[in-house]
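Q: Could you take a close look at one part of this structure for me? I would like to see how a single side chain fits into its surroundings.

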Amino acid sequence: MTDILEALVGRAAAGGEDGADAMAALYDELNDTVYHWVRRYIRDGHVAEDLCQEVWLKVAQNIGKYRAGTSLLAWLRTITKNTALDYLRSVQRRPAEVLYADHLELDRPRFDQSPEEHAERRALAQAVAARMHKLRPVQREVLILRFFDGLTPGQTAEIMGKTDGAVRTLTVRALRKLAEVMPEGESSSQLIEELLTAAGGRKRVVGTRVETREARAHVATR
C-alpha cells in the first residue's frame with residue numbers, strides 16, 4: 001500500500017489531468033484517516049469536515065514539496081494537526097488532543113446487537129478512551145493509531161518508525177496493559193479479546209481468557 005500511495009503522490013505532483021486523478025485517489029484512500037485525526041481536536045463534526053477540506057487543499061498546494069521515500073502518513077498527519085491547531089487558535093480555544101468514545105473503530109452499531117448491548121459497548125469504548133492515559137506514551141500511540149485512527153500495522157509502523165512485527169508486538173503488550181486497568185467484568189474481557197484478535201491480523205486469539213484488573217493476560221496467536 002505504501003508503494004501505491006507513493007506512486008499516487010508522484011503522479012499528483014506531476015500535475016495535469018492524471019495528477020488530478022491521482023489526488024482524487026489519495027483523497028479517497030486517506031480522507032477517513034484525516035477526519036479521525038481532525039476529530040481528536042475538533043468535536044464539531046461539521047467543522048471537522050470543513051477542516052478536512054482545508055487539509056486537502058494544503059496537500060494539493062504542497063504535494064511537490066513531499067520528499068519521496070519519507071513517511072507520507074507522518075507528513076499528512078503533521079499538516080492535519082497544524083490545520084486543526086491553527087483553527088483552534090483562531091477561535092481562541094485551547095488546543096487539546098482528546099479521545100472520544102465514538103472515535104474507537106470497533107465502537108459501531110451492528111445488526112446483531114440489541115440497543116442494550118450497543119449501549120454497553122459504548123460505555124466500554126468510553127472506558128477505553130478514559131484509561132488510555134494510564135499507558136506509556138508509546139503504548140498509547142500504537143493503540144490510538146490502530147484502533148482510533150483505524151490504521152493498518154504497516155501504516156502504523158510507517159508513522160512510528162518501526163517494523164510491522166514490532167508494531168504487532170507492541171500492540172499486544174499495550175492491550176494487555178489496558179486490560180489491567182479496564183473495569184472488571186465479562187464485557188471488558190470480550191472487548192479486549194476482540195482488539196487482540198484484530199491486532200493479530202484477523203487470526204483467532206486463543207489461550208487464557210483476558211482477566212481485567214486481575215491476572216496478566218496470557219494470549220497466544222496462531
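A: Setting aside neighbours within four places in sequence, Leu178 is in contact with Val128, Arg131, Leu135, Leu143 and Ile192, where contact means heavy atoms within 4.5 Å. This is a predicted model, in which local features need pLDDT of at least 70, side-chain atom pairs count only at pLDDT 80 or more, and totals for chains, interfaces and linings use all residues. Residues are numbered from 1 along each chain as its sequence is written, and side-chain values use heavy atoms, with hydrogens and water left out.

Leu178 also matters for the wider picture: with Leu26, Ile42 and Leu143, Leu178 touches the most other members of the largest nonpolar core, which has 59 residues. Such a core is a set of buried Ala, Val, Leu, Ile, Met, Phe, Trp, Tyr and Cys residues joined through side-chain atoms within 4.5 Å; buried means under 20% relative accessible area, exposed over 50% and partly exposed in between, with a 1.4 Å probe and protein chains only. Helix H8 (residues 164-181) supplies the largest share of this core, 8 residues. Helices here are DSSP runs of H or I with at least four residues, numbered from the N terminus.

Leu26 leads us on to Leu5, which sits in helix H1 (residues 2-14). Leu5 counts as buried because its relative accessibility is 5%. Beyond its neighbours within four places in sequence, Leu5 is in contact with Leu26, Glu29, Leu30 and Leu72. Leu5 and Ala22 lie 17 residues apart in sequence, and their C-alpha atoms are 9.2 Å apart in space.

Notes
Helix = DSSP H or I, 4+ residues; strand = E, 2+ residues; numbered from the N terminus.
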